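Work through these exercises with the sequence and the model side by side. Try each task before you read its solution.

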Amino acid sequence: MTDHRNTPPLEPDLDPVLDRYLASLGRYAPRPGFADRVMARVRVTPAPAAPLPGARLARRRRWPVLVGALSGTAAASSTALTVWAAGHFETLSAWLAATLTAVGLPAWHRLLDWLAAQSAGVGAAVLSDVLAGRIPAMAIWLLAASLATPVSAVALWQIARTPVRMRKYAAR
Amino acid sequence: MPLIPDFSSASDQDVVEQARAGSEPAYRELIRRYERPVFSLIYRMVRDRELAEDLAQETFVKVLNALASYRPEFKFSSWIFKIANNAAIDHLRRRQLETLSVDGAPHATTADQMESSSLELADRAESPLQELEARELGSLIEQAISRLRPEYRACIILRHVEDRSYEEIAEILDLPLGTVKTYLHRARAELKAMLGPWRE
């Protein structure tokens, strides 16, 4: 086919005789019952109402991704904090020790005294052990990191997974 | 008894909205509005009544089943004409038709086949003399149009039967505006040449 896009268009001319011929052209009608034959093959279904954002999220099964992403973010930040703390452990320890000695330790001792007086619970005992240096703080950080890592991995897997797409309707 | 909605003053867009909401009368209204334009376009393109019916039916089924994907910023008429024209062009590409007979399809051999495939104009409110004259003119111009190449034919039908603007024809046929004008100019020139012996 000739491409006319680069040539100036030719304006359709005026010709009353030809226009009279063309004006005699009518429309043709299909056989009676055309609408019924068409309607027999058409699916009349109301369009679904616009869903609420929450419902749409749940229908698309994206909520595990969202939950995973949020927990993953929390886990990633805690892991990053752990790594940073491990890298700057001496500085952090010195700063914490100074702070605790100056302000926190007296308060903690008073709190622990109060806790010991109130109950001989396991939590208080663990806290006492940590503060007394019998359980190293690093062990607590490692425990947190070992919990955070699998959560992060699951969340990343959910994000990276190819989303399930709706198959587009193909007209017959 | 359920009320039948009155679509007489509704725009195509309004009717489509109703159809999308699940109203069967709205679907039927769209068919009523476009069955003749769509059938006429396809009929003049493929020149076979039975085939034109099938292709027109396919066009409507495709359009009505895909109403959810219709974008209201475009004219509904452009959309349905585009699908109808594509259906006809696809068919012509698959099967090269030869000549038109206003008495029936080229492959019609029996009287029944000729009758079933013959051209049948829709009712017109004209006097017998005007009708006779129109039939004569119509017969000549139909034969001339049938000899145009499909792209020219579609342009002529959309412009002179369906009264579409150049811009809408360009949209329907997926052609630049200048190409549509050129096609119409050349189609008219060819028609004039073909009708030459009958022109006064």
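Helices (H or I, at least four residues) and strands (E, at least two) are DSSP runs, numbered from the N terminus. This is a predicted model: local features need pLDDT of at least 70, side-chain atom pairs count only at pLDDT 80 or more, and totals for chains, interfaces and linings use all residues. Residues are numbered from 1 along each chain as its sequence is written, and chains are lettered from A and ligands numbered from 1 in the order in which they are written.

**Exercise 1. Two loop residues**

Task: Locate B:R47 and B:D163, then decide whether each is buried or exposed.

Solution.
Step 1. B:R47 is found in the loop between α2 and α3 (49–65) of chain B. Its phi is near 60°, a positive value in a residue other than glycine.
Step 2. Recall the cut-offs: a residue is buried if 20 or more other C-beta atoms lie within 10 Å of its own, exposed if 12 or fewer, and partly exposed in between; C-beta atoms are placed from the backbone.
Step 3. B:R47 has 26 C-beta neighbours inside 10 Å, so B:R47 counts as buried.
Step 4. B:D163 sits in the loop between α7 and α8 of chain B. B:D163 is not a glycine, yet its phi is positive, about 60°.
Step 5. B:D163 is exposed, because 9 other C-beta atoms lie within 10 Å.

**Exercise 2. Two chains**

Task: Describe the secondary structure and burial of chain A and of chain B.

Solution.
Step 1. Chain A has seven helices and zero strands. Of its 172 residues, 9% count as buried.
Step 2. Chain B has nine helices and zero strands. Of its 200 residues, 36% count as buried.

**Exercise 3. A perpendicular or parallel pair?**

Task: Classify the packing of α7(B) and α9(B), and list the residues that make the contact.

Solution.
Step 1. Take helix α7 (residues 150–160) and helix α9 (residues 177–195) of chain B: their axes come within 9 Å and cross at roughly 95°. Axes are lines fitted to C-alpha atoms, for helices over the stretch in contact, and angles run from 0 to 180 degrees between N-to-C directions.
Step 2. Angles under 35 degrees count as roughly parallel, over 145 as roughly antiparallel, 65 to 115 as roughly perpendicular and the rest as oblique. Therefore α7(B) and α9(B) are roughly perpendicular to each other.
Step 3. From α7(B), the contact uses B:E151, B:Y152, B:C155, B:I156 and B:R159; from α9(B), it uses B:V180, B:Y183, B:L184, B:R186, B:A187 and B:E190. Two residues are in contact if their C-beta atoms, placed from the backbone, lie within 7 Å.

**Exercise 4. A second helix pair**

Task: How are α4(B) and α8(B) oriented, and which residues meet?

Solution.
Step 1. Helix α4 (residues 76–94) and helix α8 (residues 166–173) of chain B pack at an angle of about 50°, with their axes 8 Å apart. That makes α4(B) oblique to α8(B).
Step 2. B:S78, B:F81, B:K82 and B:N85 in α4(B) meet B:E168, B:E171, B:I172 and B:L173 in α8(B).

**Exercise 5. An exposed or buried tryptophan?**

Task: Place A:W157 and judge its exposure.

Solution.
Step 1. A:W157 belongs to helix α7 (residues 137–160) of chain A.
Step 2. A:W157 is exposed, because 11 other C-beta atoms lie within 10 Å.
Step 3. A:W157 and A:G68 are 89 residues apart in sequence and 9.0 Å apart in space, C-alpha to C-alpha.
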